[in-house]
Amino acid sequence: MPRLARGSVRPGRQRDPRGGRRRGDPRRQRHPVRPGRQHLLGRHPPRTRAGCAHRGGRRLYQPLHQLRPQAAVRRRQGVRLRARALRVRPVRVRQREDLVAEVSPDFSPSPEQQAVLDFAGGHLLVEAAAGSGKTTLLALAAARAVRAGQRVRALTFSRSGKASLEAALARHGVTGVAVQTFDEVCVAEAARLLVDDARRVQRDWVVETVLPEVVGRVNEANAGSDAVQLPTDTASLIDLIDSFRLIRQGRLSDLLEDADEEEVAATLGRPASVWQAWREYERLRRILRVDGGFGFRLVEDACHDLMAGFEENALAAAPTLACDVLLIDEFHDTSALQLAWLAAWGGGVQRVLAVGDRDQVLYAWRGADATSVFLLFRQAFAPVAVLPLTVSFRFGAGLARQLAPLRSRGLPPLSGAGGPTSVDVSREPLPALAATLEGGAALICRDRAATVAVQLALIDARRPFYTLDGWPCWRGGEGTLIQALAQLAAPDWRAHSAQADARKAGYERQRRERLAQRLASLPALALSADEGREFAALAAETGDWPQLVALIDALPAPEDARRAHAQGSLKAALTRLTSASSDARLAPLLTDFARDTHLEATLAAFAPAGEAAMSRVDAWRALLAHLAQHGETAASWLARCEALNLAHWRAQQSPGQHLAVGSVFHAKGRQWPHVVVCQLSHGLFPLAGAPLADEKRRAYVAFTRAQQRLTLHAPAGAEPSSFFTLFTPTDR
């Protein structure tokens, strides 16, 4: 694997790492490395840990071995965990309804919930099904602990989970409980315990400033080889950060240090170039001069840095959570790194109450592994009692029975006390189905790429909608590229004239800058991070698109022959696009552009984690088919995108009156009266080649978002998938 060139970084014009407006250009000079940090410039030496074992020539890391030597930790690679180790065991408890009524007079707990509230032992793990009231239960447990004079702290693994728990505490009148996300706690602890001078920065700054430099160095090192060239568009860079999170949260750095390219690709599910990018990112994260200090830290880097300091005995003070009772929601999203942190920091906690659902693990590609983590939690905090919550108050008994094949082994049967929830199926075209839906319904797909077809169908049906992630398809990665190419074909088109007020003029500058950034991210241009920012800034200020194409045409050719050929093809395609007639149909122009530049091969080389290998290509083709169907020109499509932006914003302001569209990931933790699960056709959901266990968990999360009605949809003419045929229509 090619090694990256060493040296310092000259960031040039960069965004304020703490967020906000851009700052002026700092002096471009080579920043000296502080004494004592020279070893960070090269390959970071692997740490020696007592928890490393060798099997078959590969090192398997055991993260909790040092903390509790008597609890030997086995990684899941090649190890089949025994089902009886995770079997739920009933615990005898005393009924205390009077205390619950005193805390919350309007709440009448079920027997299972009462058992959890009355548990008077030590640590407790609650395996809670979807809609079983686990957030309310945590709020009542917090109220009881506060009334007993105990210090209570609550952790969640997402901002939406934090908001839900805070709302539950407020409903029950509970005060004095600090609710934080896991990342927020780690950031605060890093500021308290780490003695480095790394500056906390925002993800946007890293995406705009650091990652283009990282990817540029990796691609330059791999020029002329068969290694995958990493893209630099915003969506791909965000996905790269998620891949870095998998390496951190799964504690895979030691495992991958001596692995070959095939082993790296198999472990990460990403090209081996991602591992090179991770190493370069970690190097820059320690030596880059930021705001008067050396190094920077993202929120998601804090836990990794804390554990490194803990294992090297380099913390400024003893680690502690400073509480008597620790409540953990969404425990199924815990990674190996986070569990090791909990074990190291939670030694002084009298009681840990963790609530999670093994069937709602969606972030395995970020290191989450509930099956192993639940077992390791019981070992690290032994003794730990386990109690179930099997009654869902979100949906009815009929849906609960049909969900049984999707549940994990070893869990007690699920029952439904809500509803009634009807289940029906549909094979009609999506626009026809969308026309019958009432406001407040949600259309859920397996992943973000699968939502593109649904969004386009809603546009055809003239149904206003909003996306759960806030990024509709015409403004996403491929959608932004189409807008940028359309802008080149219609260079005089503007969303607002130059004589518009300051607010509209500012919006127009931001729009031009965003489109220019997408053009600059095309790998064939081989622009550096500084050149890409200058290119986008010029577009924002002048809006002279022919001049920008002329600047691209004047770029020097790369030394590598293959890269030079790719750049020449791109230059010629951009020139043909700008010389096209203003009233020409956009779809044929983009089809020719994609053919001449081999764009689909570029899109297929780096699909988002957890999605199909051709997901970006499918999104591109779906958008082009929509343009061809409606005969859009470049100018008409740009104008239509602005109208769609306004409709999307209005739908976001009144979600109860409009349709919601999103992936399973963004639907998690929410619920709607009517849910339509889309694209349940063979090979799409479940995805062909994906682990069936992961696909079943996605389906379980999607189906359990429905309260009153669940509709399963398979496209007309396509073979229904096993998830579609699994359910039979019912009215209960």
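# Exercises on strand β3, its sheet and helix α3

β3 and β12 are paired in the parallel sense, with six bridges between them. The structure is a predicted model, and the exercises below work outward from this pair of strands.

**Exercise 1. Determine which residue of β12 is the bridge partner of Leu125, and which residue of β11 stands opposite Glu127.**

Solution. Begin with β12, where Val386 is the bridge partner of Leu125. Turn next to β11, which runs parallel to β3 and is joined to it by four bridges; in that strand, Gly356 is the residue opposite Glu127.

**Exercise 2. Place β3 within its sheet, and identify the edge strands.**

Solution. The sheet is open and consists of six strands, whose order is β5-β4-β10-β11-β3-β12 and whose pairing is parallel. The edge strands are β5, residues 178–181, and β12, residues 384–389, since each of these pairs on one side only. Between neighbouring strands of this sheet the average turn is 15 degrees, with direction ignored. As a further step, consider β4 (residues 152–156) and β10 (residues 325–328), which run parallel and are joined by four bridges; here Arg153 stands opposite Leu326 of β10. Finally, helix α13, residues 370–380, packs on the sheet, where it touches β3, β11 and β12, and its direction makes about 165 degrees with that of β3.

**Exercise 3. Sort the residues of β3 by the way they point, and decide whether they are buried or exposed.**

Solution. One group, made up of His123, Leu125 and Glu127, points one way from the strand, while Leu124, Val126 and Ala128 point the other way. The residues of both groups are buried. Because six of the six residues of β3 are buried, the strand is largely enclosed by the rest of the structure.

**Exercise 4. Compare the accessibility classes of Ala128 and Gly133, two residues covered by a UniProt "binding site" annotation.**

Solution. The annotation comes from an unreviewed UniProt entry and covers Ala128, Ala129, Ala130, Gly131, Ser132, Gly133, Lys134 and Thr135. Ala128 lies in strand β3, and its relative accessibility of 1% means that it counts as buried, the cut-off for that class being under 20%. Leaving aside residues up to four places away in sequence, Ala128 touches Lys134, Val355, Gly356, Asp357 and Leu389. Gly133, by contrast, is found in the loop between β3 and α3, and at 24% relative accessibility it counts as partly exposed.

**Exercise 5. Check whether the end-to-end distance of α3 agrees with the span expected at 1.5 Å a residue, and then describe its burial.**

Solution. Helix α3 comprises the 14 residues 134–147 and should therefore span 20 Å; its end C-alpha atoms are 20 Å apart, in agreement with that expectation. Eleven of the 14 residues are buried, so the helix is largely enclosed by the rest of the structure; among these buried residues are Lys134, Thr135, Leu137 and Ala145. After α3 comes Gly149, whose phi is positive, near 80 degrees.

**Exercise 6. Explain why Cys186 and Cys445 are not bonded to their closest cysteines.**

Solution. The criterion for a disulfide is that the two sulfur atoms lie within 2.5 Å. For Cys186, the closest cysteine sulfur is that of Cys303 at 4.1 Å, which is too far for a bond; for Cys445, the closest is in Cys678 at 4.6 Å, again too far. A search of the whole structure accordingly finds zero disulfides. Cys186 is buried, with a relative accessible area of 0%, and Cys445 is buried with a value of 0% as well.

Definitions and conventions: Residues numbered from 1 in each chain as written. Predicted model: local features only at pLDDT ≥ 70, side-chain atom pairs only at ≥ 80, totals over all residues. Heavy atoms only, no water. Helix = DSSP H or I, 4+ residues; strand = E, 2+ residues; numbered from the N terminus. Expected span 1.5 Å × (residues − 1). Buried < 20%, exposed > 50% of the residue type's maximum accessible area, 1.4 Å probe, protein only. Pairing = 2+ DSSP bridges. Axes fitted to C-alpha atoms, helices over the stretch in contact; angles between N-to-C directions. Contact = heavy atoms within 4.5 Å. UniProt positions renumbered as here; feature names shortened; annotations may be inferred.
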